[in-house]
Amino acid sequence: MEKKTPNIDKQSLIIKEYVQWLKLEKSLSPQTVEAYLQDLRKLLDFLERERKDFLDLTLDDLQHFSAGLHDTGIHARSQARVLSGIKSFFHFLVMADYLEADPTELLEGPKIGFHLPEVLTVEEIDRIIASVDLSKAEGQRNRAIIETLYSCGLRVSELCNLHLSDLFFDERFIRVEGKGSKQRLVPISGRAVREIEAWLEERAQGRIKPGYEDYVFLARWGNRISRIMVFHLVKELAQRAGIGKNISPHTFRHSFATHLLQGGANLRAIQAMLGHESITTTEIYTHIDRQTLREEILTHHPRNILYARRHGLLPPADE
């Protein structure tokens, strides 16, 4: 059977409508929209090779596409992300009445092993903050950055985009713009307020480039601090503090949520503070808390201690 040549003009029009839907209906940021389009381009490349139109695709076609992702060596998590983007596109096609049924409904993604993020203890966080060299020009800024990441559970992009006009220290809140330009109010600790206020005093004496007057955290040359700079800062301070864990700025966000849960905070409250759209994303911290509880039981339960002593894993009780 001869393959049908797809209608390229119609495809281009539909994709333009899809982009508008992502921007206006879903309120996604330009970066997120581009990520969705990158996923869609992989499908369009597949369609070009197969000489098919996406309005005619079947579940078998999509399974063939999915298998091709695996065959090219793309990691399972990346495969899952691409398929999630493709499902979003077909959801739009149904919503916009281009399709009556969604062929991706039964499309299964790759099996992904459950991975718990790295978490720092309070003592380790204190060591990292203490390792900041306050004699350096950027020392107080760096202390304020680490304290804010941990105190407020911010994403690194949220920290870099924090404005002076977002600080409400009298009310002990800051305003954060998260994914999809969605804003939320996050409580801030007194210690973080003190560190930021000390930094703002130094900031006022330094160089500030035009257009960056309202950004809280600035690089030494006066523009907004970058994500890469914060990433390198965290790595450097962790190494200086003698912490061997593989950490990033996001580790402080994981630690913030985990410590709140361990302290008895409500999961819904943690969800609101982190800016998670779905509670299932926040529920990963219940797994971390259970893992910590399991380690505590294995370490301190009398039967486990007795077993460890009998098998030479701990010294006898009289030593």
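**Arg 172.** I started with Arg 172, which comes out partly exposed at a relative accessible area of 42%. I note for the record that this is a predicted model. Where does Arg 172 sit? I found it in the loop between β1 and β2. Its phi is near 60°, which is a positive value in a residue other than glycine. That loop belongs to the hairpin of β1 and β2, with four residues between the strands.

**The sheet.** From there I traced the strands. They form an open sheet of three, in the order β1-β2-β3, with antiparallel pairing. I marked β1 and β3 as the edge strands, since each of them pairs on one side only. Strand β1 covers residues 167–168 and pairs with β2 over two bridges, in the antiparallel sense. I looked up the partner of Leu 167 and got Ile 174 in β2.

On the other side, how many bridges join β2 to β3? I get five, again with the strands running antiparallel, and β3 spans residues 183–187. For Val 176, the residue standing opposite in β3 is Arg 184. The hairpin of β2 and β3 has five residues between the strands. In that hairpin Gly 180 has the positive phi, near 65°.

**Faces of β2.** Next I checked which way the side chains of residues 173–177 point, and they alternate. Ile 174 and Val 176 go to one face and are buried. Phe 173, Arg 175 and Glu 177 go to the other face and are not buried. So the bridge partner of Leu 167, Ile 174, is one of the buried pair, and the residue opposite Arg 184, Val 176, is the other.

**Asp 97.** I went back for another positive phi outside glycine and noted Asp 97, at about 65°. It is placed in the loop between α4 (76–95) and α5 (122–130). Is Asp 97 buried or exposed? I have it as exposed, because its relative accessible area of 68% is over the 50% cut-off.

**Ala 192.** Then I turned to the helices. Ala 192 lies in α8, residues 190–203. Its relative accessibility is 0%, so I logged it as buried. What does it touch, once neighbours within four places in sequence are set aside? The contacts are Glu 147 and Ser 151. I also looked at Ala 144, which is 48 residues away from Ala 192 along the chain. The C-alpha atoms of the two are separated by 6.6 Å.

**Ser 66.** This one is in helix α3, residues 59–71. I put it down as buried, because a relative accessible area of 11% is under the 20% cut-off. Skipping neighbours within four places in sequence, I listed its contacts as Gln 79, Leu 83 and Glu 108.

**Cysteines.** I checked two of them for burial. Cys 152 is buried, with a relative accessible area of 0%. Cys 160 also counts as buried, at 4% relative accessibility. A disulfide would be a covalent bond between the sulfur atoms of two cysteines. How many disulfides does the model have, taking sulfur atoms within 2.5 Å as the rule? The count comes to zero.

**Second largest pocket.** Last stop was a pocket. Rolling a probe the size of a water molecule over the atoms shows where empty space is left. The second largest pocket holds about 240 Å³ of space. Two elements give two or more residues to its lining, namely α6 (139–152) and α9 (227–240). Which one gives the largest share? That is α9, with six residues. In total I have 16 lining residues, and those nearest the centre are Glu 138, Arg 141, Asn 142, Leu 233 and Glu 236. I sorted the lining by type and got seven nonpolar, two polar and seven charged.

Technical notes
Residues are numbered from 1 along each chain as its sequence is written. This is a predicted model: local features need pLDDT of at least 70, side-chain atom pairs count only at pLDDT 80 or more; totals for chains, interfaces and linings use all residues. Side-chain values use heavy atoms; hydrogens and water are left out. Buried means under 20% relative accessible area, exposed over 50%, partly exposed in between (1.4 Å probe, protein chains only). Two strands pair if DSSP finds at least two bridges between them. Contact means heavy atoms within 4.5 Å. A disulfide is a pair of cysteine sulfur atoms within 2.5 Å. On a 1 Å grid over the protein atoms alone, a cavity is a set of points where a 1.4 Å probe fits but cannot get out, and a pocket is an open set with protein on both sides within 12 Å along at least five of seven lines; lining residues have an atom within 4 Å of a point. Grid points are joined across faces, edges and corners, and a volume is the space filled by probe spheres set on the points. Ala, Val, Leu, Ile, Met, Phe, Trp, Tyr, Cys and Pro count as nonpolar, Asp, Glu, Lys and Arg as charged, and the others, Gly among them, as polar.
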